[in-house]
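I opened my notebook and wanted to see how the helices sit in this one. Here is what I looked up, entry by entry.

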Amino acid sequence: MARAPFEIAGTRVAPGSRAQIDVPVAKLYTHAPLHIPVEVVHGRQSGPVMLVCGAIHGDEINGVEIVRRLLRSKAIRPLRGTLIAVPIVNVFGFVQHTRYLPDRRDLNRCFPGTEEGSLGSRIAALFREQIVDLATHIIDLHTGAIHRTNLPQIRAQLVPDSETDAMASAFGAPVILNAELREGSIRHYAQNRGVPVLTYEAGEALRFDEWAIGPGVRGILRVMRRIGMLSGDQRRRAPRAAEVANGSSWARAPIDGILRPKVRLGARVAKGEILGVVADPFGNAEGEVRANADGIVIGMSNLPLANEGEALFHVARFEAIEEAENAVESFQSDYPANATNH
């Protein structure tokens with residue numbers, strides 16, 4: 001029995017083919033239409049429907065390049081199932097180089113949305129109805145916020161022996177953060193419907209970080225092998241097993257001033273260790289930024305200018321801290337730019 005075409009936003013994609021589709025989303029003030037760009041790869045054989053999406057925050061552009069490379073990869077040619085690739089969800093923010101929508105709303109806090117709500121709510125409803133609800137598995141691509149960078153990490157609500165847990169382990173990021181669901185996020189919406197979702201966080205907003213992009217593409221392909229969309233030996237390609245963080249917290253600026261960091265991204269730190277020093281321009285007043293727990297630095301500010309109370313170093317806590325350190329060091333040896341650029 002022949003496999004049926006895949007229908008999305010009124011377009012039918014035949015088995016063994018791929019198509020680029022512009023999903024109408026809204027209009028600019030000038031009445032010019034805006035579209036969410038989508039590419040569908042519909043395999044000849046049945047299998048999962050995976051959604052891979054980037055730039056739900058418009059300034060998080062590493063995911064755009066990850067999606068482009070994934071779609072150009074020869075590895076997806078013998079695909080089982082269907083891949084829905086959306087490089088840019090928040091087209092408004094992407095055009096304006098900003099995280100938010102024109103009304104300053106965060107699109108990733110607007111799900112499930114409604115057709116009669118705010119701009120963010122309406123876009124969330126459209127994206128949900130036309131695209132998200134078709135998926136059986138989702139990988140949502142993010143970076144750190146503006147002037148902040150993240151060590152490559154998976155964030156997911158982990159349940160032992162669940163599909164989400166298996167996907168997170170297969171991805172191969174050096175760190176997995178067992179993260180609670182945030183209301184209004186695409187992860188919160190889909191996970192509550194029983195759809196496994198991974199959030200991949202890596203790099204900095206408005207930057208292409210190769211040490212974040214390359215592992216992102218490889219991680220997605222590993223997950224696709226794990227859930228049966230691609231053939232191949234998963235074990236042969238797997239990196240060192242990641243450790244699961246059981247919590248995380250931010251170390252904050254004690255005073256206003258200029259930050260001089262003392263540790264790098266991915267460093268192992270001890271509780272009370274000095275992570276950086278904040279001083280006024282003359283050096284008359286100085287305040288030390290100290291770690292509030294043993295852990296690994298998985299995110300940090302790249303902007304030296306700091307206001308009192310501002311989050312500067314994100315430290316993840318692990319029960320097996322040495323194993324976590326080894327996983328991070330193994331990753332950094334494979335991607336040395338991560339260790340030298342930050």
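How many Å should the 12 residues of helix 3 span at 1.5 Å a residue? I got 16 Å, and the end C-alpha atoms of helix 3 are 16 Å apart, which agrees. The expected span here is 1.5 Å times one less than the number of residues. Helices (H or I, at least four residues) and strands (E, at least two) are DSSP runs, numbered from the N terminus.

**Ground rules.** I'm working with a predicted model, where local features need pLDDT of at least 70, side-chain atom pairs count only at pLDDT 80 or more, and totals for chains, interfaces and linings use all residues. Residues are numbered from 1 along each chain as its sequence is written, and side-chain values use heavy atoms, with hydrogens and water left out.

**Helix 3, continued.** I checked burial next (buried is under 20% relative accessible area, exposed over 50%, partly exposed in between, with a 1.4 Å probe and protein chains only). In helix 3, 9 of the 12 residues are buried, so the rest of the structure largely encloses it. Among those buried residues I noted Leu119, Ile123, Leu126 and Phe127. Their cover includes strand 3 (17-27), strand 4 (33-42), helix 2 and helix 5 (186-192).

**The loop before it.** I found Tyr100 in the loop between helix 2 (91-96) and helix 3 (119-130). Is Tyr100 buried or exposed? Neither: at 26% relative accessibility, Tyr100 counts as partly exposed. Not counting residues up to four places away in sequence, Tyr100 touches Asn90, Gly93, Arg105 and Asp106 (contact means heavy atoms within 4.5 Å). Arg104 is in that loop between helix 2 and helix 3 too, and counts as exposed because its relative accessibility is 58%. Its phi is near 70 degrees, a positive value in a residue other than glycine. I also spotted a cis peptide bond from Phe111 to Pro112, with omega near 10 degrees.

**The core.** I looked up the largest nonpolar core (buried Ala, Val, Leu, Ile, Met, Phe, Trp, Tyr and Cys residues joined through side-chain atoms within 4.5 Å). It has 66 residues, and Met50, Ile139, Ile220, Met224 and Phe313 have the most contacts inside it. Helix 6 (residues 210-226) gives the largest share of this core, 8 residues. Apart from that core lies another of 43 residues, including Ile21 and Leu34.

**Helix 6.** I counted 14 of its 17 residues as buried, so helix 6 is largely enclosed by the rest of the structure. Right after helix 6 comes Gly228, with a positive phi near 90 degrees.

**Its neighbours.** The axes of helix 1 (residues 62-72) and helix 6 come within 9 Å and cross at roughly 50 degrees. Axes are lines fitted to C-alpha atoms, for helices over the stretch in contact, with angles from 0 to 180 degrees between N-to-C directions. Helix 1 and helix 6 are therefore oblique (under 35 degrees is roughly parallel, over 145 roughly antiparallel, 65 to 115 roughly perpendicular, the rest oblique). On the helix 1 side, the contact residues include Ile66 and Leu70. I then turned to helix 4 (residues 163-171): its axis and that of helix 6 come within 8 Å and cross at roughly 135 degrees. That pair is therefore oblique as well. Phe171 of helix 4 and Ile220 of helix 6 are among the residues making that contact.
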